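Subject: Structure handover

Hello,

Here is the structure I promised to pass on. Please open it first, then read the notes underneath.

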Amino acid sequence: MLPLSDSLVAAIVALAADAIICVDGDQRITFFNEGAARIFGYEPSEMLGQPLGTLLPVRFRSSHSSKLASFGKSQVSSRRMGERSLISGVRKSGEEFPAEAAIAHMPSDSGPVYSVVLRDITEQRRAHDMNERLLVEMEKAVKQRDEMMALVSHDLRNPANAVKMLAGAILRAGGSDGSGLPSDVADHATVILQAAMQMDALIQDLLDSTRLEAGRLRVSPQWTSADDLVSAAIETLAPLALAKSIVLSRNLPPELPEVYADPHRMNQVLSNLIGNALKFTPARGAVTIEGTREGKFVLFAVRDTGVGIQPEDLPFVFDRFWHSKRLNRSGAGLGLAIARGIVLGHGGRIWIESSPGVETVVRFTLPTIESANIRSSPV
Ligand SMILES: Nc1ncnc2c1ncn2[C@@H]1O[C@H](COP(=O)(O)OP(=O)(O)O)[C@@H](O)[C@H]1O
Ligand SMILES: [Mg+2]
């Protein structure tokens, strides 16, 4: 590297945004660049010969001066920014500001010379403080939202259940073939029942997702046949598959070991995964549920031939309230977040692979007798 000429060094020092200040052994200023003038508000000519302490708040002057003197006697020749705690500077106007400084000392014929490079970090500090404040406010808002959601969901449960029960009672009053009711009344009661069931499911999801977030979602595992878990979910969703002309099938070998799982919670997981597969697969597609033994776990797979998930969307599918922008919005976007929480609560794993338009597979594992850490734990 070529040595820099004095004029080039002078130009660089003049250009620097940082304050570059030199002081002599008596800590009096011998050099004050344009950056220092901008930061401190003094002309360089005003500062020459002035004590360095002028640039510091009064309360720090004496301690700083003795620190500088002992630094001068130490073996350390320089300290970079960040190696020391933050310091404060004081401008000509009297305003204090936060700063970072680096310092070096070099012996010269006329005693030690210190050079200081100082950076005004008012703006960084302001942005940092603002970010911290925003973060605190954001966390508070999320907590308030969750508390509100828990409260509202809880209070909506009773009226939704009343609507569900009474619509069911009206339908039952019509007899098993519905002939005891005028047909429009039976139709309306059916629609009311379906709407109330949807409402109930959404309320359950909201409650579960707030429980999950607060670490209060419980799973109560027991020894269960993998086959029974899949059968229960298929039974619930078979009418939907039929209505959409989708072939819903299963492929589980008979010798699969029992899993240690909460049947109610696993029904929730499988119903959501199969529900998603049916929702995002067009007519005449296929949805298959598989189970295989994988070491000390049973590996389940819900496979569909639907639209799939784009690679850039995959990292978000397990987030609460997330939906693909490409697809029509239906559902609250809570199902996968809850499914993940439940599977993790069982000591399993869950993940998704997708080739959009070809095949999407959601896989999850559940422990068998060899791996179950027997417990009933909050997730
Ligand atoms: N089998 C699937 N095929 C395509 N996209 C899917 C599938 N499963 C989930 N997704 C995407 O993930 C999103 C979140 O799913 P989920 O959490 O179950 O919420 P919801 O079913 O309420 O939309 C869906 O809206 C969809 O965009
Ligand atoms: Mg869903």
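Below is what was found, site by site. Keep in mind that this is a predicted model.

**The magnesium site**

Start with ligand 2, the magnesium ion. Two side-chain atoms coordinate the ion: OD1 of N272 and OD1 of N276. The distances run from 2.2 to 2.3 Å. Both asparagines sit in helix 8, which covers residues 263–279. They are four residues apart, or about one turn of the helix. N272 is buried, and N276 is buried too.

**Around ligand 1**

N276 turns up again here. Ligand 1 has 21 residues around it. Those that come nearest are N276, K279, D304, G333 and L336. Three backbone contacts are worth a look:

- G333: a polar backbone atom is 2.8 Å from an oxygen atom of ligand 1.
- S324: a polar backbone atom lies 3.1 Å from an oxygen atom of the ligand.
- A332: here the distance from a polar backbone atom to a ligand oxygen is 3.3 Å.

**The cavities**

How many cavities of 30 Å³ or more are there? The count is two. The largest has a volume of about 130 Å³. It is lined by 12 residues, and the closest to its centre are L52, H64, I87, V116 and L118. Two strands each supply at least two residues of this lining: strand 5 (96–108) and strand 6 (111–120). By class, the lining holds 10 nonpolar residues, one polar and one charged.

**A buried aspartate and its partner**

Now go to D18. This residue lies in the loop that runs between helix 1 (6–15) and strand 1 (19–23). Is D18 buried or exposed? Its relative accessible area is 15%, so D18 counts as buried; the limit for buried is under 20%. The side chain of D18 has a partner in R119. A polar contact of 2.9 Å joins the two side chains.

**Two positive phi angles**

Two residues that are not glycines have a positive phi. One is Q27, at about 60 degrees. The other is R284, at about 70 degrees.

Q27 is in the loop between strand 1 and strand 2 (29–32). With 12% relative accessibility, Q27 is buried. R284 belongs to the loop between helix 8 and strand 10 (286–294). R284 is exposed, because its relative accessible area is 72% and exposed means over 50%.

**Residues to compare along the chain**

These four pairs set separation in sequence beside distance in space. All distances are between C-alpha atoms.

L207 is part of helix 6 (residues 183–213). Its relative accessibility is 6%, so L207 is buried. L207 and H154 are 53 residues apart along the chain, and their C-alpha atoms are separated by 7.3 Å.

E139 is in helix 5, residues 122–173. Which label fits E139, buried or exposed? Exposed, because its relative accessibility is 51% and the cut-off is over 50%. From E139 to A214 the chain separation is 75 residues, and the C-alpha distance is 13 Å.

R265 takes us back to helix 8. It is buried, with a relative accessible area of 10%. R265 and G306 are 41 residues apart along the chain, with 25 Å between their C-alpha atoms.

M106 belongs to strand 5, one of the strands that help line the largest cavity. M106 is partly exposed, at 40% relative accessible area. How far apart in space are M106 and A167? Their C-alpha atoms are 90 Å apart, with their positions 61 residues apart in sequence.

**Where to look first**

Helix 8 is a good starting point. It holds N272 and N276, and R265 lies there as well. From N276 you can step across to ligand 1, as N276 is among the residues that come nearest to that ligand. Then turn to strand 5 and strand 6 for the lining of the largest cavity.

Best wishes

Notes
Residues numbered from 1 in each chain as written. Chains lettered and ligands numbered in written order. Predicted model: local features only at pLDDT ≥ 70, side-chain atom pairs only at ≥ 80, totals over all residues. Heavy atoms only, no water. 1 Å grid on protein atoms, 1.4 Å probe; cavity = no way out; pocket = protein on both sides within 12 Å on 5 of 7 lines; lining within 4 Å. Points joined across faces, edges and corners; volume = space filled by probe spheres on them. Nonpolar A, V, L, I, M, F, W, Y, C, P; charged D, E, K, R; others polar. Donors = N, O, S within 2.8 Å, 3.2 Å for Na, K, Ca; no water. Buried < 20%, exposed > 50% of the residue type's maximum accessible area, 1.4 Å probe, protein only. Near = heavy atom within 4 Å. Polar contact = N/O pair within 3.5 Å; in protein donor to acceptor, adjacent residues only side chain to side chain.
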